[in-house]
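Morning, everyone. Please have the sequence and the model open on your screens. I'll keep this short.

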Amino acid sequence: MLENLSKKYNEIFSDLKELNEYIYANPELGRKEFKACKVHKEILKKYGFKITDNYIGIETAYLAEYSSGKEGPKIAYLAEYDALPEIGHGCGHNILGTTSIGAGILLKEYIDKFGGTVYVYGTPAEETFGAKVDMAEAGCFDDIDVAMISHPTGKSHERSGTSQAMEALQFTFKGKTAHAAGDPYNGINALDGVIQFFNSVNALRQQTKNSARIHGIISKGGEAANIIPDLAVANFYVREATTKEMIKLSERVKNCAKGAALATGTTLEIENYEYTFKHLVTNETLSNLYVKNLNLQGIEDVPMSDSTGSSDCGDVSHHCPTIHSYFPISKCELTGHSIEFAKASISEDAYKGMKEAITALVMTGKDILENKEILKEIKEEFEKAKKELN
Ligand SMILES: [Zn+2]
Ligand SMILES: [Zn+2]
């Protein structure tokens with residue numbers, strides 16, 4: 001089985017490598033991934049997938065589908081391909097998307113043999129306006145049996161853990177300009193609102209849980225030191241371990257801003273400047289299968305991911321059994337969202353990790369197609385976890 005898969009992998013490797021390197025060399029920001037989306041669709045079409053363009057009305061989203069025509073499980077691999085400003089593919093979504101495509105193509109053989117359908121979801125803008133949120137809300141994952149994704153990381157494979165729930169909040173304080181020396185008493189200082197807000201948030205930190213993360217910047221703070229600013233804006237991310245806790249924490253952060261507005265006589269508007277992500281619920285039965293399939297390749301040490309980041313995969317995991325594992329692209333630890341991370345994503349080490357991840361993703365898919373009992377277990381765990389969410 002492993003040998004056959006390795007042979008099939010080697011046959012498609014040059015296509016995967018070309019895809020990865022092209023996307024690396026052409027980084028595009030979220031929802032503008034036109035080149036990446038085009039080449040993703042081309043390769044999937046070449047290998048016999050039926051493509052839905054413009055999936056749920058998002059220009060750079062797609063759904064690729066390969067069905068045996070026989071009843072059976074619906075298995076989804078999630079592909080990402082957005083880059084970051086200035087540093088390109090510093091999160092390695094070039095190789096992430098390539099890995100999901102490779103898995104989709106190689107699972108086809110087992111779909112033909114056992115029945116069922118394999119999907120590759122082209123999901124734009126993971127870093128900002130994560131399209132998986134729209135897809136989850138639109139019910140795109142509700143009849144999927146399992147969804148899998150493996151993200152590049154530093155030096156070792158990691159099993160799917162959690163990711164934090166996150167809300168992106170923008171606070172706009174408005175006041176009134178005046179000459180800062182001439183008639184300051186006629187002004188209302190919007191920047192004071194923001195500064196007071198930061199101080200209140202810093203006081204709040206002592207009474208938050210270890211899992212809380214509150215981090216912000218002042219994105220507008222006035223035009224000149226001799227003008228009392230009439231506009232000041234702060235952008236924040238509020239994160240917590242679960243969606244419920246995050247909603248509570250966001251409320252407390254918003255209250256800090258309201259208090260600051262009252263204290264400074266400014267007016268306040270609060271809005272979401274990016275999407276809110278739910279926390280990731282790993283399906284452990286599915287995750288155990290994935291780890292077993294790494295073990296079969298001789299990879300014994302698979303620690304739990306301790307990522308404190310957030311991802312729109314969280315939203316997927318509230319709709320169907322999901323894993324979000326990690327595979328190595330380097331021999332050493334790497335800092336995410338860095339230029340060195342981007343460079344590592346096209347290295348020989350990256351291709352070694354990619355092959356291992358694709359193999360585990362495909363074998364996990366095959367296990368599910370082949371063994372009805374295991375899917376039953378996965379679904380029972382999912383239903384139980386879902387009850388605890390509500
Ligand atoms: Zn990232
Ligand atoms: Zn990422």
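I'll take the metal site, then one helix, then the core.

Keep in mind that this is a predicted model.

Start with the zinc ion (ligand 2). Which atoms coordinate the zinc ion (ligand 2)? There is SG of C91, NE2 of H93 and NE2 of H151. The distances run from 2.1 to 2.3 Å. Along the chain, these donors follow the spacing C-x1-H-x57-H.

C91 has a second partner. This cysteine bridges the zinc ion (ligand 2) and the zinc ion (ligand 1). The two ions lie 3.2 Å apart.

Now look at the histidines. H93 sits in helix α3, residues 93–114. H151 sits in strand β5, residues 146–153. So the pair ties together parts that are 58 residues apart in sequence.

Are these two histidines buried or exposed? The cut-off for buried is under 20% relative accessible area. H93 has 0%, so H93 is buried. H151 is at 9%, so H151 counts as buried too.

Next, helix α10, residues 348–370. How far should its 23 residues span? At 1.5 Å a residue, the expected figure is 33 Å. The end C-alpha atoms are 33 Å apart, so the model agrees. α10 is also mostly covered, with 18 of its 23 residues buried.

That brings me to the core. The largest nonpolar core holds 60 residues. Which members touch the most others? They are F49, Y62, I101, L107 and I368. And α10 gives this core its largest share, 11 residues. As a general point, nonpolar side chains tend to be buried together in soluble globular proteins.

That's my part; over to you.

Notes: Residues numbered from 1 in each chain as written. Chains lettered and ligands numbered in written order. Predicted model: local features only at pLDDT ≥ 70, side-chain atom pairs only at ≥ 80, totals over all residues. Heavy atoms only, no water. Helix = DSSP H or I, 4+ residues; strand = E, 2+ residues; numbered from the N terminus. Expected span 1.5 Å × (residues − 1). Buried < 20%, exposed > 50% of the residue type's maximum accessible area, 1.4 Å probe, protein only. Core = buried A, V, L, I, M, F, W, Y, C linked by side-chain atoms within 4.5 Å. Donors = N, O, S within 2.8 Å, 3.2 Å for Na, K, Ca; no water.
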